Amino acid sequence: MPSIIGGKRAILVFIGPALLIYTLIMLVPVLVSTGYTFFTGSIITGFTFSGFDNYIELANDSKVGDALLFTLKYAIVLTVGQVLVGYGLALIYVFWLRRASGLIRALVFFPIVLPTVAVSLMFQKLFEVAPQNGPVNELLNFFGAGSVDWFGSSGSAFFVIILMDIWRSMGFYAVLLYAGLLDIPEEVLESARLDGAGGWTLIRRIILPLSLPVLLSTIIFSINGTLKVFDSIVALTNGGPGYSTTPLTLQMFRTAFSYGDYGYGSTIALLLTAICLLVTVFIFRSSRRDLTKG
Amino acid sequence: MTTDLRPSTAATGSRRVARVVRRLPGTIVLTLLVAVTVLPLIWLALGSLKTQTEFIGNPTLALPENFLNFDNYARAWNEGHIGSFIANSALATFPSLALIIVFGVAAGFALEVLVWKGRGGVLLLFLAGIMVPGQMILLPLFSAYFTLGLTGTIWPLILTYTATGLPLTVFMMATYFRAIPKEVFEAAAIDGANIYRIFFSIAFPMVRNAVFTVALVQFFFIWNDLLISLTFTSSGQWQTIQVGLLAFTGQYGSVEFGPTFAAICINVVGILVLYIFLNQRVMKGLTAGSVKG
């Protein structure tokens, strides 16, 4: 019986191009970027060796500290928000709307495929205060409240960012979790109902424990994505007011391209990568745990 | 599914009322969901039809006075160069997509169907790429493209998109190939087909649907990207639609409201049309590719 081994040449033909591009444009740059952390300067000004200066600066840089805190705050709040709203929607889809939910699933899912820039600019207009009130302030005025300068303070700007990202992603997370809820055997739910469990009890005692694995992996995916946030914040607040909504990704971008310091920019990028790596290791561990559970 | 064959009498009438009341909470939730998703977009579309005087004189929630006022679109297209931004995006996106698909499917095939030493390691190597943030590769790439004289061309975009799209594509294609029984390929081999014939005549047709789904997912990632396009095109003539839109609203946004709304709308409508036809596939693909943040 001839096995599908293929000659060495065939293997090279199939894997070669992908591996070559991937190595040259991702793996090598990761290593070079790590190398940059020991230098200061840029491609235009030239690089000078600086030893561990960048790392020492990183440890004492309050702007990076703030950016790190903001990134973590954003990742945690948004993860909790989008998974919670997504889970609520998924429960509504499965147990309330049932078969009628197909169209609504597709509709609520839609914003995730929209360009983040377009969504951010739309939210800028929705929450606008000057030169003209946006619909949100208009509604506030209608109910007798004064207009709010949403992008004028860090707290309200953060609120709008989170609100926008939940609007964008809730349908996506709902579908992700919906698939997990559908895997719960109908007999289990039926027998629980026969035993008198209904509504809240059914959710807390049966559905929640049974959908815990998919819920857990969704949370970790969400953290992994939110740590890398860039587009939506750049387009919505550009890190402002001041630096108060600047995540690590944007701080790195500014350091490298506005201040022309590739070495220090790479050091911030390395910090971000290290955090993402920790989360990814966590993903693999938890998915392995799920596998052994069956 | 079930057809109601009962005669319409007073008794069923009251039952119908009861049914409506019972369904009321569901209807409210449904209406709320639709409203939250759709109303902002409708407001955006209406705004794109308003004149500057309407923006200043009328409340923001007022309807446009002339629903056929497409001046803003003409201005966004001509003065805002939205048309050429879209052309740039297409020029960066479709060649990248083609390369990602050709190389990614071949690599998935090599990693899952062919048997060789070290393929597990290579798959892991690709997997690692899914988690690397773009920031980690931008600066060396910027330096490299600069040194090679590629700055100011479309190549930095095509090359970078291709490389960043490969890990997820390879991973997803390997998963799809894993689902095909090995016997299919073995039978073809017994019949005398060589490995290239097996790939083009058997393997590729069998995963054609999956390839389309993966391409769709990558299309959204590339088309909507801001980080890479901002890095490599911010000052040049190759600005993509996302970079161009951001620059355009930064420049016009606080003065010319109508064209700004129209420019955002143009960006939304193209995606909407695509989504109307392919929503089931998009949903399947994006949730399958959710490992990428």
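This tour goes through a predicted model of two chains, selection by selection.

Before selecting anything, note that residues are numbered from 1 along each chain as its sequence is written, while chains are lettered from A and ligands numbered from 1 in the order in which they are written. Because the model is predicted, local features need a pLDDT of at least 70 and side-chain atom pairs count only at pLDDT 80 or more, whereas totals for chains, interfaces and linings use all residues.

**Chain A as a whole**

Select chain A and colour by pLDDT, the predictor's confidence in each residue on a scale from 0 to 100; the average is 86, and 94% of the residues score at least 70. Then pick residues 290-294 of chain A, where the pLDDT is below 50 and where the stretch has 1 contact in the model beyond near neighbours in sequence; two residues are in contact if their C-beta atoms, placed from the backbone, lie within 7 Å.

A cartoon of chain A displays 13 helices and 2 strands, these being DSSP runs numbered from the N terminus (helices H or I, at least four residues; strands E, at least two). The radius of gyration of chain A is 24 Å, well over the 19 Å that the globule rule gives for 294 residues, so chain A is more spread out than a compact globule. That radius is taken over C-alpha atoms, and the rule is 2.2 Å times the number of residues to the power 0.38. Along its principal axes, the C-alpha trace of chain A spans about 80 × 75 × 35 Å.

**A stop at A:Leu72**

Now select A:Leu72, which is found in helix α3 (residues 62-97) of chain A. With 16 C-beta neighbours inside 10 Å, A:Leu72 counts as partly exposed, given that a residue is buried if 20 or more other C-beta atoms, placed from the backbone, lie within 10 Å of its own, exposed if 12 or fewer, and partly exposed in between. Adding A:Ile275 to the selection gives a pair that is 203 residues apart in sequence and 9.9 Å apart in space, C-alpha to C-alpha.

**Chain B**

Switch to chain B, which has 13 helices and 0 strands, and whose radius of gyration of 26 Å is well over the 19 Å of the globule rule for 293 residues, so chain B too is more spread out than a compact globule. Select residues 1-39 for domain 1 and 72-288 for domain 2, bounds that come from an automatic or database domain assignment; the C-alpha centres of these two domains of chain B lie 44 Å apart.

**Where the chains meet**

Show both chains and select their contact, which takes 74 residues from chain A and 73 residues from chain B. Helix α1 (residues 8-36) of chain A gives the most to the side of chain A that touches chain B, with 16 residues. That side has 57 nonpolar, 14 polar and 3 charged residues, where Ala, Val, Leu, Ile, Met, Phe, Trp, Tyr, Cys and Pro count as nonpolar, Asp, Glu, Lys and Arg as charged, and the others, Gly among them, as polar.

**The core**

Finish with the largest nonpolar core, which has 157 residues, those with the most contacts inside it being A:Ala174, B:Ala107 and B:Ile264; such a core is a set of buried Ala, Val, Leu, Ile, Met, Phe, Trp, Tyr and Cys residues joined through C-beta atoms within 7 Å. Helix α7 (residues 155-178) of chain B gives the most to this core, with 14 residues. Centre last on B:Ile264, which, not counting residues up to four places away in sequence, touches A:Ala118, A:Leu121, A:Met122, B:Leu44 and B:Leu245.
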